[in-house]
Amino acid sequence: MSLATLTYIVVGATFALYIGIAFWSKARTTGDFYVAGKHVHPVANGMATAADWMSAASFISMAGLIAFLGYDGSVYLMGWTGGYVLLALLLAPYLRKFGKFTIPEFIGDRYYSQTARVVAVACLIIISFTYVAGQMRGVGIVFSRFLGVDVATGLLVGMGVVFFYAVLGGMKGITYTQVAQYCVLIFAYTVPAVFISLQVTGVAVPQLAFGSGAGGGESLLAKLDRVVTDLGFAEYTSGSKSPVDVFFITLALMIGTAGLPHVLVRFFTVPRVRDARTSAGYALLFIAILYTTAPAVGALARLNLTTTIQSGPVGAVDGNLAYAERPQWFRTWEDTGLLAVEDLNGDGRIQYYNDADAAFAERAESMGWQGNELTVDQDIIVLANPEIAGLPDWVVALVAAGGIAAALSTAAGLLLVISAAVSHDIVKSWVARGISERQELTIGRISAAVAVLLAGYLGYNPPGFVAQVVAFAFGIAAASLFPVILLGIFAARMNREGAIAGMLTGLVFTVGYIAYFKFHMQPLGGNVKENWLFGISPEGIGAVGAMLNFAVAIAVSAATKPPPAETRALVERIRTPR
Amino acid sequence: MRKRSNVTAPDERAQQRRGYWRDNLRLAGCCLAVWFAVSFGCGILLVDVLNQVRIGGFELGFWFAQQGSIYVFVALIFFYAWRMGKIDRKHGVDEED
């Protein structure tokens, strides 16, 4: 059976599973549609949260990102997991006790203000659409690479499937498909990782292989450091970002993660407050399986790639791989354009080194090298893994299904919070208060459908800046939603005026800073370290935005009149489980 | 106010809630101190110092940044959930039903 046929069968089988689940878990009430009737077991919710959270970027790109960043890649590992500690300790149990349907609803009730609720809806929609466009793009790309269909067709199929279970099943349908999607994606991720670990180090567990020996009494990481510095690259285990920047990016990603509406809302679906606490633990456990494997895969793959090209000593004539002798996986991925070679010095061999490093470039020139000849797309690290390890075709097919599962599960979660914000926070609470539950459910379904179409359009036709603004989603979540939710629980004195002023300050500051450096609106100079405020890059500025939000909210609140007695009672109520 | 037979129930409940909240804040504060120490401390601020120590094939600081902090995070949430369960029961606000 050909690889394409096999991939069709595996991907098709997973789709059939998702659609089957959608039929089984059709939403009948708004409670089902928004929060799965609050009947989700904490372990199931943990899996669903993990799939919800781990996107196409986590599945496809992260290991590669770390492979080329080395230590600096730690910002993603710590940032995207540490946020769950904040979520579990500071937000999830209290939001569950609050017990309604959406994040803007909490903000509106706690701050007795429709304005606060609308500002929160605006933040939520900006965050979620930025994010979802990337997911749909991921679906299209996986389809086109593995199944040979064009991006548009891939997108349409993906949209069709999401449409089916998100519109029909709402949160209930999404939750149980996400559980299935988690199983698919984690299996697809760990199988190739185990085999790669075995091949390179003889140790089966990637997390241990990462710290094991690579032959000759040398540890894997020491060898990697040696091999990459020999070619003028930065040492793998020590980064090139400044500690201040690493600190702030990590903090911004953590706070941002804890403030993402599609993650927060998952904790509305469990039966009890204590389930919300343990469920966050399960979610992080399931996420950690992938997140501790990824850096191992990154390091193993970087070593593999580098030593494949630089097969002998640097400087020896036959130390570099002859182009004609490149391995089969290399040829396969050249066809997709993810790997590209340009023989600059015409010697028929590939030179892969850091030509931006002045000292090494000089030495390279003396050896007759005329520039780096290999371009590698970071996505290849995960996608090509099974072939590099020589695994059977069904594993390759599984990786395709895993990538699609990761993208679809995240997209569905995002689409649901968007539709809930529209039907519940805008229509039901503001535009048309008198509508019945049935009508609200219909409006929820219609807005989910519209959101799917819009997301598909954005995925097919991504605005040029999508890749540039990933920082936006986290920055805005960190600077706008996280502080007001936290203060709403822990500061009983916080009032409407403080919350609105804080949210707007955080939002305007963060959006302004990112736009200033990312959209070339910089009269003072480019997006370089020297121009950054305190040396903090746009990726890390959300942490500063959050601090500003806290400061302004507290100051404004202290200067204005305290919240009414009912609000104090609400705070008292959400603070205790019973 | 002393606990006496003529103390009104709402007062007692308010005091009980304050005690519960204080215990909760103390526990969360301790957990967040550990959270900060393993990630921002060991993984970022002290990474160069800890990298002098080697555990197996890892430099310790690098291990905290790419592996250790994540393990600690997971353990920390389960620890918090377990201790909060105890605090809930101690103050009689648990949802055992």
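Visitor: Which helices do the buried residues of helix 19 of chain A pack against?

Guide: In this predicted model, the buried residues of helix 19 of chain A pack against helix 2 (30–35), helix 7 (114–147), helix 8 (151–201) and helix 18 (393–431) of chain A. The buried residues themselves include A:Leu441, A:Ile443, A:Gly444, A:Ser447 and A:Ala448, and further along the helix A:Ala455, A:Gly456 and A:Gly459.

Visitor: How do you know what span to expect of helix 19 of chain A, at 1.5 Å a residue?

Guide: The expected span is 1.5 Å times one less than the number of residues, and for the 24 residues of helix 19 (residues 437–460) of chain A that comes to 34 Å. From its first C-alpha to its last, helix 19 of chain A reaches 35 Å, which is close to that expectation.

Visitor: Helix 8 of chain A was among those partners; what makes A:Ala188 count as buried?

Guide: A residue is called buried if 20 or more other C-beta atoms lie within 10 Å of its own, and A:Ala188 has 27 other C-beta atoms within 10 Å, so A:Ala188 is buried. A:Ala188 lies in helix 8 of chain A, and, leaving aside residues up to four places away in sequence, A:Ala188 touches A:Leu398, A:Val399, A:Ala401 and A:Gly402.

Visitor: Why is A:Lys38 called partly exposed?

Guide: Partly exposed is the class between the exposed limit of 12 or fewer neighbours and the buried limit of 20 or more, and A:Lys38, with 17 C-beta neighbours inside 10 Å, therefore counts as partly exposed. A:Lys38 is found in the loop between helix 2 and helix 3 (42–53) of chain A, and A:Lys38 has a positive phi of about 55° although it is not a glycine.

Visitor: And what makes A:Tyr112 partly exposed?

Guide: The reasoning is that A:Tyr112 has 16 C-beta neighbours inside 10 Å, so A:Tyr112 counts as partly exposed. A:Tyr112 is found in the loop between helix 6 (103–110) and helix 7 of chain A, and phi of A:Tyr112 is near 35°, a positive value in a residue other than glycine.

Visitor: Why is helix 11 of chain A said to be largely enclosed by the rest of the structure?

Guide: Of the 16 residues of helix 11 of chain A, 14 are buried, so the helix is largely enclosed by the rest of the structure. Its end C-alpha atoms are 23 Å apart, which agrees with the 22 Å that its 16 residues should span at 1.5 Å a residue.

Visitor: How do you know whether chain A agrees with a compact globule or not?

Guide: For 578 residues a compact globule would have a radius of gyration near 25 Å, and chain A has 25 Å, so the two agree. The C-alpha trace of chain A spans about 80 × 55 × 40 Å along its principal axes, and buried residues make up 58% of the 578 residues in chain A. Chain A has 23 helices and 2 strands.

Visitor: Why is chain B described as more spread out than a compact globule?

Guide: Chain B has 3 helices and 2 strands, which follow the pattern α-α-β-β-α along the sequence. The radius of gyration of chain B is 20 Å, well over the 13 Å that the globule rule gives for 97 residues, so chain B is more spread out than a compact globule. Along its principal axes the C-alpha trace of chain B spans about 65 × 30 × 15 Å, and 33% of the 97 residues of chain B count as buried.

Visitor: What makes helix 1 of chain B roughly antiparallel to helix 3 of chain B?

Guide: Helix 1 (residues 9–45) and helix 3 (residues 60–90) of chain B pack at an angle of about 170°, with their axes 8 Å apart. Angles over 145 degrees count as roughly antiparallel, and therefore helix 1 of chain B is roughly antiparallel to helix 3 of chain B. By class, their contact has 15 nonpolar, 6 polar and 2 charged residues.

Visitor: How many residues does each chain bring to the contact between chain A and chain B?

Guide: The contact takes 41 residues from chain A and 36 residues from chain B. On the side of chain A that touches chain B, helix 13 of chain A gives the most, with 12 residues, and by class that side has 21 nonpolar, 14 polar and 6 charged residues.

Notes: Residues are numbered from 1 along each chain as its sequence is written. Chains are lettered from A and ligands numbered from 1 in the order in which they are written. This is a predicted model: local features need pLDDT of at least 70, side-chain atom pairs count only at pLDDT 80 or more; totals for chains, interfaces and linings use all residues. Helices (H or I, at least four residues) and strands (E, at least two) are DSSP runs, numbered from the N terminus. Two residues are in contact if their C-beta atoms, placed from the backbone, lie within 7 Å. Axes are lines fitted to C-alpha atoms, for helices over the stretch in contact, and angles run from 0 to 180 degrees between N-to-C directions. Angles under 35 degrees count as roughly parallel, over 145 as roughly antiparallel, 65 to 115 as roughly perpendicular and the rest as oblique. Ala, Val, Leu, Ile, Met, Phe, Trp, Tyr, Cys and Pro count as nonpolar, Asp, Glu, Lys and Arg as charged, and the others, Gly among them, as polar. The radius of gyration is taken over C-alpha atoms; the globule rule is 2.2 Å times the number of residues to the power 0.38.
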